[in-house]
There are 2 protein chains.
Amino acid sequence: MGKDHNTPQTARTGRPTGFARADAVQAAMNFVWKKGFLAASAKELAEAMEIQRSSFYNSFGSREALFREVLAVYGAQAPDAPLRQIKSGDPVVPVMVSVLRNVCHIRATDTEARGCLVCNGVAELAGVDDEIGALLEKAVKQQVSLMERLLLQAVRQKEMPAIHDVAATAKSFVAFLIGLNILSKVVRNEKQLWASSRQFVLWLGVPKAVLS
Amino acid sequence: MGKDHNTPQTARTGRPTGFARADAVQAAMNFVWKKGFLAASAKELAEAMEIQRSSFYNSFGSREALFREVLAVYGAQAPDAPLRQIKSGDPVVPVMVSVLRNVCHIRATDTEARGCLVCNGVAELAGVDDEIGALLEKAVKQQVSLMERLLLQAVRQKEMPAIHDVAATAKSFVAFLIGLNILSKVVRNEKQLWASSRQFVLWLGVPKAVLS
DNA sequence: TTAGTTTTGTACACTTGTGTCCAGTAGTAC
DNA sequence: GTACTACTGGACACAAGTGTACAAAACTAA
């Protein structure tokens, strides 16, 4: 019958899978992160994951299906993930600041200078790929909505001064964050990246005291 | 003898080239802009340029050589080109503002939502491709240096208030510009893009009067 | 016209990648 | 042990792309 590709659970019968799915997805993520989505062929992906191409197709079905899993994993471990965990009532500004600081640190210490997988992906696939491209576009739009919510919350909680146009400020923040991630592929100095980011949050009206 | 690939001049003897080189480069640019550098095969490029593959290799030598010409053409017609024309003594802030406004306009009205060729290219090739990737990285670094020079000039000419850390501010500007270009592939509304950009230049300390 | 020069159409000999198929292998359930 | 099931290695038949080679074509100069 139709094979269950997206089956995280181990089947209770039959020959067991000869590899850990999570490890394989992680390996695929690292490969795509470096090479880009389109340039990563099924052959190369299978090699990077240390599995056969037949196992690749059997377990994941297609490159696109794997990419969806890769993006889910990336989203959970990306430096901006803490922003998505903020609940109503939680402090916002300290998280925003630490996320920015972390982006600078992680991007600058990545010896391969890969930047952000989502940012790279949007640059590569938005408007080109209907499946993964659309997924990435959605991620960016959600990031914008999230920032609108968080900025409103921060103002309401008196963590920062009033904002005239929250929608515009949210987009400025997302634009800066994307640009920072791309720029980090070229400017490899953490202090310099942080100096720019620090500047940016001060413009937002974040009190200097929050910057430790 | 070794063929002169990068020969813009028409040879004075032999069979004449059956196509206009500038048009072919323009067609290649539009193709790469949409598809990306790595995904553009010599075959597809030749088709897009409406020439034979043999003519392609004969006239340009390689994909990389063509890409270099493409980038030169792009650089001259990109919306941020006016920044590179500013001489010492020229006004800076009006140009900065009009460049940002133009980026918003051009990106939003591009029906293919291709964003910026250089930004896309950096996301795709920085740290991966030694030839074109390195060229793009250089372009970004030059943009940072240029902004340092222009910000200093603007302050000196009393077009904007003093800046504490010019290097950091220049990088913030470049990061925002890159991010804006990437974001424009997802946020397709010119007014929204401009609202964010307007916000950003106000943070820079540009007087509201300059924003017409 | 003839010689000299350069471009162009087509073909060649690869290399790389694709998705599928299936026998063989390695487990579980009874 | 005997079913039953699912994963794996290797092969297959294409499809696409690479860079080069070379004769025919198309021009200039003498």
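Let's start at the DNA, with the surface near strand D. Which helix gives the most to that surface? It is H3(A), with four residues. Please keep in mind as we go that this is a predicted model.

Staying with strand D, 24 residues lie around it, and the ones that come nearest are Gly14(A), Arg15(A), Gly18(A), Ser55(A) and Arg15(B). Notice that both protein chains appear in that list. The elements that give two or more residues here are helix H3 (53-60) of chain A, plus helix H2 (42-49) and helix H3 (53-60) of chain B. And what kinds of residues are they? The surface near DNA strand D divides into five nonpolar, 13 polar and six charged.

Now let's go over to DNA strand C. Here 26 residues lie around the strand, and those that come nearest are Arg15(A), Gly14(B), Arg15(B), Gly18(B) and Ser55(B). Two or more residues each come from helix H2 (42-49) and H3 of chain A, and from H3 of chain B. This time H3(B) gives the most, with five residues. By class, the surface near DNA strand C has five nonpolar, 13 polar and eight charged residues.

If you felt that the two lists look like each other with the chain letters swapped, here is some background. Two copies of a chain are related by a rotation about an axis and a shift along it. For our pair, a turn of 180° and a shift of 0.0 Å along the axis lay chain B on chain A with an RMSD of 0.1 Å. The two copies are therefore related as by a two-fold rotation axis. Which residue of chain B comes closest to that axis? That is Gly179(B), whose C-alpha is at 1.9 Å.

So how do the two chains meet? The contact takes 44 residues from chain B and 44 residues from chain A. On the chain B side, at least two residues each are supplied by helix H1 (21-35), helix H7 (117-125), helix H8 (132-156), helix H9 (166-183) and helix H10 (190-204). The largest share of that side, 14 residues, comes from H9(B). By class, the side of chain B that touches chain A has 24 nonpolar, 10 polar and 10 charged residues. Now for a nice point about the pairing: 100% of the interface residues of chain B are also interface residues in chain A, so the copies meet through the same surface.

Let's look at chain A by itself. How many helices and how many strands does chain A have? The count comes to 10 helices and zero strands. Read along the sequence, that gives the pattern α-α-α-α-α-α-α-α-α-α. The C-alpha trace of chain A spans about 60 × 35 × 30 Å along its principal axes. Of its 212 residues, 39% count as buried. If you take contacts in chain A between residues at least 6 apart in sequence, 60% of them join residues at least 24 apart.

Chain A is divided into domain 1 (21-73) and domain 2 (79-206). Taken over C-alpha atoms, the centres of these two domains of chain A are separated by 26 Å. Their contact takes 10 residues from domain 1 and 10 residues from domain 2. On the domain 1 side, helix H1 (21-35) and helix H4 (63-77) of chain A each supply at least two residues. H4(A) gives the most to that side, with four residues. Sorted by class, the domain 1 side divides into six nonpolar, one polar and three charged.

Before I finish, here are two backbone details to find on your screen. Most residues other than glycine have a negative phi. Lys158(B), though, has a positive phi, near 60°. Where is Lys158(B)? Look in the loop between H8 and H9 of chain B. Lys158(B) is exposed, with 8 other C-beta atoms within 10 Å. The second residue is Ser212(B), with a positive phi near 45°. You will find Ser212(B) in the segment after H10 of chain B. With 8 C-beta neighbours inside 10 Å, Ser212(B) counts as exposed.

Last, the scores for the prediction. The model has ipTM 0.95 and pTM 0.96. For chain A, the mean pLDDT is 95, and 95% of its residues reach 70 or more.

Conventions. Residues are numbered from 1 along each chain as its sequence is written. Chains are lettered from A and ligands numbered from 1 in the order in which they are written. This is a predicted model: local features need pLDDT of at least 70, side-chain atom pairs count only at pLDDT 80 or more; totals for chains, interfaces and linings use all residues. Two residues are in contact if their C-beta atoms, placed from the backbone, lie within 7 Å. Ala, Val, Leu, Ile, Met, Phe, Trp, Tyr, Cys and Pro count as nonpolar, Asp, Glu, Lys and Arg as charged, and the others, Gly among them, as polar. A residue is near a molecule or strand if its C-beta atom, placed from the backbone, lies within 6 Å of it. Copies are superposed by least squares on the C-alpha atoms of residues with pLDDT of at least 70 in both. Domain bounds come from an automatic or database domain assignment. pLDDT is the predictor's confidence in each residue, from 0 to 100. A residue is buried if 20 or more other C-beta atoms lie within 10 Å of its own, exposed if 12 or fewer, and partly exposed in between; C-beta atoms are placed from the backbone.
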